[in-house]
Amino acid sequence: LDTGVFLVFLDREDSNSERVLDAAAEGLFLPVVSFHTFQEATHNVLARRTKDESSWLRYFMWTLPGLEVVTADRLQSMQRQYGDRVADPSDLPHIQAYFAAECDRFITVNRRLTRMAIREVVAFRTPREFLEELGLPVVETPQGI
């Protein structure tokens with residue numbers, strides 16, 4: 001799960017991102033995030049909202065059932081891998097976490113990331129596409145977020 005999925009969940013009343021997180025909470029799949037996801041989400045929410053909302057989102061993320069957090073030390077061995085295919089260095093820990101945890105889908109609302117060269121080896125899905133694969137109802141939203 002990319003950071004944007006959590007941010008859309010926080011910002012929109014009903015979204016495909018929220019439904020993906022509901023599916024994770026129901027145990028329909030095992031969610032994986034990079035350690036960097038917590039930093040990005042906290043920074044983003046603190047810039048736009050309150051400290052309490054930032055804390056709530058962080059708590060929500062940590063309490064997702066079965067959540068696997070790929071820590072910085074696990075990514076050390078991948079330090080130089082995939083950087084040539086990811087234009088934005090802040091996206092790299094998420095991509096490396098995808099490979100470190102042997103994920104089979106990368107759920108993101110970041111269209112810029114899905115257009116980078118890494119798309120050739122990463123199975124990107126919008127929240128809507130992922131819900132459709134799970135056979136779950138979707139919300140009609142721009143870009144499937």
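Buried means under 20% relative accessible area. The legends below use that cut-off for a predicted model.

**Figure 1. Fold of the protein chain in the predicted model.** The protein chain contains 8 helices and 4 strands. In sequence order, these elements follow the pattern α-α-β-α-α-β-α-α-β-α-β-α.

**Figure 2. Dimensions of the protein chain.** Along the principal axes, the C-alpha atoms occupy a box of roughly 40 × 35 × 25 Å. The radius of gyration is 14 Å, which agrees with the value near 15 Å for a compact globule of 145 residues. Of the contacts between residues at least 6 apart in sequence, 61% join residues at least 24 apart.

**Figure 3. Surface and charge of the protein chain.** Of the 145 residues, 46% count as buried. The exposed area is about 7,700 Å², and carbon and sulfur atoms supply 49% of this area. There are 22 negative and 16 positive side chains, and the centres of these two sets lie 5 Å apart.

**Figure 4. Setting of Asn110.** Asn110 sits in the loop that runs between β3 (106-107) and α7 (111-114). Asn110 counts as buried because its relative accessibility is 17%, and the cut-off is under 20%.

**Figure 5. Contacts of Asn110.** A polar atom of the Asn110 side chain lies 3.1 Å from the backbone nitrogen of Arg112. Leaving aside residues up to four places away in sequence, Asn110 touches Asp2 and Asp91.

Note on methods: Residues are numbered from 1 along each chain as its sequence is written. This is a predicted model: local features need pLDDT of at least 70, side-chain atom pairs count only at pLDDT 80 or more; totals for chains, interfaces and linings use all residues. Side-chain values use heavy atoms; hydrogens and water are left out. Helices (H or I, at least four residues) and strands (E, at least two) are DSSP runs, numbered from the N terminus. The radius of gyration is taken over C-alpha atoms; the globule rule is 2.2 Å times the number of residues to the power 0.38. Buried means under 20% relative accessible area, exposed over 50%, partly exposed in between (1.4 Å probe, protein chains only). Contact means heavy atoms within 4.5 Å. Accessible areas come from the Shrake-Rupley method with a 1.4 Å probe; for residues, only the protein chains shown count as cover. Lys and Arg count as positive and Asp and Glu as negative; His and the chain ends are not counted. The place of a charge is taken as NZ of Lys, CZ of Arg, CG of Asp or CD of Glu. A polar contact is a pair of N or O atoms within 3.5 Å; within protein, one must be able to donate a hydrogen and the other to accept it, and residues adjacent in sequence count only if both atoms are side-chain atoms.
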